[in-house]
Amino acid sequence: MMIIKPSTALRNEYSSISDMAHEEDVPIYITKNGYGNMVIMSMEAYEKKMFMTDVYSKLAEAEAEVREGKVSDAREGLTALREKYGL
């Protein structure tokens, strides 16, 4: 669910907005003069969002490599690793 608050709420209701950001675990959109101005979220929500962005980016890179044929046989790779590390 999207939460939208006017910028004046930052001056008057900082504590309640902070609590809301932690309880709801969704971004809070702040408006100024009726237009979008900024987004506030808890550190936990931000870190989770950044982690998932990184995961999706790495998946997209891996899928692109597969499409380009940059793949190798898993058994050959494991054999090479075993030889390299003496396992």
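**Before the views.** Helices here are DSSP runs of H or I with at least four residues, strands are DSSP runs of E with at least two, and both are numbered from the N terminus. Please keep in mind that every view comes from a predicted model.

**View 1. Helix H3 and the glycine after it.** Let us start with H3, which runs over residues 43-67 and has 25 residues. From its first C-alpha to its last, H3 reaches 36 Å, close to the 36 Å expected at 1.5 Å a residue. While you look along a helix, remember that an α-helix has 3.6 residues a turn, so residues three or four places apart point the same way. Just after H3 you meet Gly-69, whose phi is positive, at about 80 degrees.

**View 2. The hairpin of E2 and E3.** Strand E2 covers residues 28-32 and strand E3 covers residues 35-40. The two pair in the antiparallel sense, over five bridges. You can find two of the partnerships by eye: Ile-28 has Ile-40 as its bridge partner in E3, and Ile-30 has Met-38. Together E2 and E3 form a hairpin, with two residues between them.

**View 3. Asn-33 in the turn.** Now zoom in on the loop between E2 and E3, where Asn-33 lies. Most residues other than glycine have a negative phi. Asn-33 is not a glycine, yet its phi is positive, about 55 degrees. Is this residue, Asn-33, buried or exposed? Asn-33 counts as exposed, because its relative accessibility is 70% and the cut-off for exposed is over 50%.

**View 4. Asp-25 and its surroundings.** Here we move to the loop between helix H2 (14-24) and E2, which is the place of Asp-25. Asp-25 is another residue that has a positive phi, of about 55 degrees, although it is not a glycine. With a relative accessible area of 40%, Asp-25 is partly exposed. Leaving aside residues up to four places away in sequence, Asp-25 touches Met-20, Ser-42 and Ala-45. Look for Met-41 as well: Asp-25 and Met-41 are 16 residues apart along the chain, and their C-alpha atoms are separated by 7.3 Å.

**View 5. Strand E1 beside E2.** In which sense do E1 and E2 pair? They pair in the parallel sense, over four bridges. Ile-4 has Tyr-29 as its bridge partner in E2, and Lys-5 stands opposite Ile-30 in E2. In a regular strand the side chains alternate between the two faces of the sheet. In E1, Ile-3 and Lys-5 make up the covered face, whereas Ile-4 and Pro-6 make up the uncovered one.

**View 6. A nonpolar patch on the surface.** Which residues make the nonpolar surface patch of about 390 Å²? They are Met-2, Ile-4, Tyr-29 and Val-39. You have met Ile-4 already, on the uncovered face of E1. Met-2 lies in the segment before strand E1 (3-6), and Met-2 is exposed, with a relative accessible area of 55%.

How values were computed
Residues numbered from 1 in each chain as written. Heavy atoms only, no water. Expected span 1.5 Å × (residues − 1). Pairing = 2+ DSSP bridges. Buried < 20%, exposed > 50% of the residue type's maximum accessible area, 1.4 Å probe, protein only. Patch = residues over 30% accessible without salt bridge, like charges linked within 9 Å, V, L, I, M, F, W, Y side chains within 5 Å. Areas by Shrake-Rupley, 256 points an atom, 1.4 Å probe, with all protein chains shown as cover. Salt bridge = Lys/Arg side-chain N within 4 Å of Asp/Glu carboxyl O. Contact = heavy atoms within 4.5 Å.
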